[in-house]
Amino acid sequence: YLTEKERERWSDIKASFELMKTDAGAAKEKFDQLNNDLGKRSHIAMYGSALALEKLIEVDPKQERNAIQAFRTVVNFGKKLPKEILKPALQSVVRLLIKSGRVRMAVSTLEKYLPHHGEDLELNLLLVDTHIQNDDPEKALEIAASLNQDSISVKLLQAQAYKTLWDKDRSGEVEPLNKATDILLSVTDKTVEVVSMLGDCLQKAGRPDEAMKVYEDAVAAGLLTSVFQRPSSM
């Protein structure tokens, strides 16, 4: 997916990515210089520069705004970008936007660029999760319904969306919790995350005995060390 000129400079590009592991600031300078040398339109160099800024956040939180802008500049190329760059850049900018509290902007960013790679399950799961975090479980469920219903990741997000629906309503109607429970019970290979959400939904739906049975089974399976252990507190 590299251009001919980028392939000619591949050794420099690769060295800049290696440098990022030890000196993100210097790597950003290298990527910026590469982009200038390549006519200021090098997708891989611009993406590398954005990644370097994201890494710099660890030592300078103020770089978060710059990193978001850098990734947005990359994804703004839209259909011109190869998936190998668009997908991770989109994931990064959405993650940073959510972290900074701009969840609505994260949703709109995904909705704008996801159609270019609408078949990608990971990006669709990210959109579902972002809608949940944006307090819009209805939209999350609508999108999740179009995805692979056998996927454990899809089931977990559907259950989370129903749980969020109940959290929003608080009218005492437990049907959303029961739907979440049914989905989680259909997961054959239980994980700590499934057990945590299932037990929580059962308890909130007024089914404490069933919740305790879930925790006891998890202890027997080695997922939990005690029925009093809750994954959310680990």
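At what angle do the axes of helix H5 and helix H6 cross? Keep that question in mind while we take in the whole chain; the answer comes at the second stop. One thing to know before you start: this is a predicted model.

**Stop 1: the whole chain**

Show the protein chain as a cartoon. You will find 13 helices and zero strands, so from the N terminus on, every element in the run is α. Turn the model around: the C-alpha atoms fill a box of roughly 65 × 35 × 30 Å along the principal axes. Now colour by burial. Of the 234 residues, 47% count as buried. If you display contacts between residues at least 6 apart in sequence, 51% of them join residues at least 24 apart.

**Stop 2: helices H5 and H6**

Select residues 63-75 for H5 and residues 83-99 for H6. Two packed helices are described by the angle between their axes and the distance between the axes. Here the axes cross at roughly 145 degrees and come within 9 Å, which answers the opening question. The crossing is left-handed.

Next, show the side chains where the two helices meet. On the H5 side, pick Glu64, Ala67, Ile68, Phe71, Arg72, Val74 and Val75. On the H6 side, pick Ile85, Leu86, Ala89, Leu90, Ser92, Val93, Leu96, Leu97 and Lys99. Colour them by type and the contact divides into 12 nonpolar residues, one polar and three charged.

**Stop 3: the nonpolar core**

Phe71, Leu90 and Val93 turn up again here. The largest nonpolar core has 73 residues, and those three are among the residues with the most contacts inside it, together with Met20, Tyr47, Val128 and Leu184. Select Val128 and look around it. Setting aside its neighbours within four places in sequence, Val128 is in contact with Ala140, Ile143, Ala144, Leu147 and Leu157.

**Stop 4: salt bridges**

Side chains of opposite charge can pair when their charged atoms come close. How many salt bridges does the structure hold? There are 16, and we will visit a few.

Start with Asp32 and Lys28. Their side chains meet in a salt bridge with an N to O distance of 2.4 Å. The two residues are separated by about one helical turn, because they stand four residues apart in helix H3, residues 24-37. Asp32 is partly exposed, with a relative accessible area of 28%, and Lys28 is partly exposed too, at 22%.

Move on to Arg95 and Glu54, whose closest N and O atoms are 2.6 Å apart in a salt bridge. Arg95 lies in helix H6 and Glu54 in helix H4, residues 43-56, so this pair ties together parts that are 41 residues apart in sequence. Is each partner buried or exposed, or partly so? Arg95 counts as partly exposed at 44% relative accessibility, whereas Glu54 counts as buried at 16%.

Stay with H6 and select Lys87 together with Asp120. They form a salt bridge, with the closest N and O atoms 3.1 Å apart. Lys87 is in helix H6, while Asp120 is in the loop between helix H7 (103-113) and helix H8 (121-133), 33 residues away in the chain. Both Lys87 and Asp120 are buried. Add Lys83, Glu119 and Glu122 to your selection: salt bridges that share partners join these residues with Lys87 and Asp120 into one network.

**Stop 5: two loops**

Go to the loop between H3 and H4, where Lys40 is placed. Phi of Lys40 is near 60 degrees, a positive value in a residue other than glycine. Lys40 is exposed, with a relative accessible area of 53%.

Ser42 lies in the loop between H3 and H4 as well. Is Ser42 buried or exposed? At 2% relative accessibility, Ser42 counts as buried. Apart from its neighbours within four places in sequence, Ser42 is in contact with Glu6 and Asn35.

For the last selection, find Asp135 in the loop between H8 and helix H9 (137-144). Asp135 also has a positive phi, near 60 degrees, and is a residue other than glycine. At 44% relative accessibility, Asp135 counts as partly exposed.

Note on methods:
Residues numbered from 1 in each chain as written. Predicted model: local features only at pLDDT ≥ 70, side-chain atom pairs only at ≥ 80, totals over all residues. Heavy atoms only, no water. Axes fitted to C-alpha atoms, helices over the stretch in contact; angles between N-to-C directions. Left-handed = near helix turned anticlockwise from the far one by under 90°. Contact = heavy atoms within 4.5 Å. Nonpolar A, V, L, I, M, F, W, Y, C, P; charged D, E, K, R; others polar. Salt bridge = Lys/Arg side-chain N within 4 Å of Asp/Glu carboxyl O. Buried < 20%, exposed > 50% of the residue type's maximum accessible area, 1.4 Å probe, protein only. Core = buried A, V, L, I, M, F, W, Y, C linked by side-chain atoms within 4.5 Å.
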